[in-house]
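I sat down today with a new model and wanted to work through it slowly. These are my notebook entries, in the order in which I looked things up.

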Amino acid sequence: MQLLHLDSSILGDASASRGMSAAIVDAFRRQNPQATVVYRDLIADPIPHLDGPIAAGFRPIGASEFDQAALAEHARSEALVKELLTSDVIVIGAPMYNFSVASQLKAWIDRVTQPGRTFQYTSQGPVGLANGKKVVIASTRGGMYSEGPAMAMDFQEAYLKAMFGFLGITDVHFLRAEQLSKGAELRDLSIRAAHAAVAAFTDELALA
Ligand SMILES: Cc1cc2nc3c(=O)[nH]c(=O)nc-3n(C[C@H](O)[C@H](O)[C@H](O)COP(=O)(O)O)c2cc1C
């Protein structure tokens with residue numbers, strides 16, 4: 001059993017999503033002491049964004065001659081996609097930035113979304129190939145998006161759900177802290193409620 005743990009908050013120790021993702025992974029470790037945990041801090045160790053030569057390593061976009069730097073990035077793409085494919089559980093700390101995910105998390109997604117590896121085109125349309133995994137997302141936002149007028153602006157959770165669905169992963173859970181930019185009192189309450197939800201969720205997982 002392997003768990004892949006990703007963090008993408010730029011706020012370091014002050015980050016709510018990092019605290020939540022760590023709590024989820026701690027519970028998983030206690031419940032599965034034999035499991036391997038692979039950790040990627042996508043801010044401390046960022047993955048370069050795609051460019052033509054990097055994307056050509058796994059997408060048929062025409063280029064065929066690569067310098068050493070591009071070849072090293074092809075090896076990185078391969079390592080990242082293998083790491084995803086060999087993981088059973090993926091835990092992601094995913095704050096909302098400008099209504100979507102951190103660009104560093106998007107850079108990871110762009111490396112692991114590979115035709116023939118994690119999805120394939122068929123005559124019936126694209127089909128996900130990364131089935132059978134569980135994804136748990138510690139989602140944080142400054143405002144309120146789970147209900148109310150800003151719901152339509154949620155391109156963070158909606159995107160992650162659609163993206164993992166595209167890869168064939170439909171077992172996606174969101175543990176959420178909202179209204180984190182609405183004053184210290186509301187922030188505290190929201191983080192405490194989110195940690196209680198994390199504990200309830202991980203207890204339930206242990207019983208399953
Ligand atoms: C660059 C940046 C952009 C943000 N954009 C949004 C946004 O579009 N909507 C929102 O509700 N909160 C936004 N926030 C607030 C964060 O979602 C909030 O601070 C959350 O706590 C971040 O998660 P973290 O504590 O794990 O870093 C933004 C924060 C930063 C730093």
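The entries below cover the ligand shell, two loop residues and one strand residue.

Entry one, ground rules. I am working with a predicted model, in which local features need pLDDT of at least 70 and side-chain atom pairs count only at pLDDT 80 or more, while totals for chains, interfaces and linings use all residues. Residues are numbered from 1 along each chain as its sequence is written.

Entry two, the ligand. I found that 17 residues surround the ligand, a residue being near it if its C-beta atom, placed from the backbone, lies within 6 Å. The closest are Ser-9, Ser-17, Pro-95, Gly-142 and Gly-143. Helix α1 (residues 16–31) gives the largest share of this shell, three residues; helices (H or I, at least four residues) and strands (E, at least two) are DSSP runs, numbered from the N terminus.

Entry three, backbone angles. Most residues other than glycine have a negative phi. I noted that Phe-99, in the loop between β3 (89–95) and α4 (103–112), has a positive phi near 75 degrees. Gln-179, in the loop between β7 (171–177) and α6 (184–207), also has a positive phi, of about 60 degrees.

Entry four, His-173. I located His-173 in strand β7, where its contacts (C-beta atoms, placed from the backbone, within 7 Å), leaving aside neighbours within four places in sequence, are Val-136, Ile-137 and Phe-201. The C-alpha atoms of His-173 and Gln-120 are separated by 24 Å, with the two residues 53 apart along the chain.

Conventions: Two residues are in contact if their C-beta atoms, placed from the backbone, lie within 7 Å.
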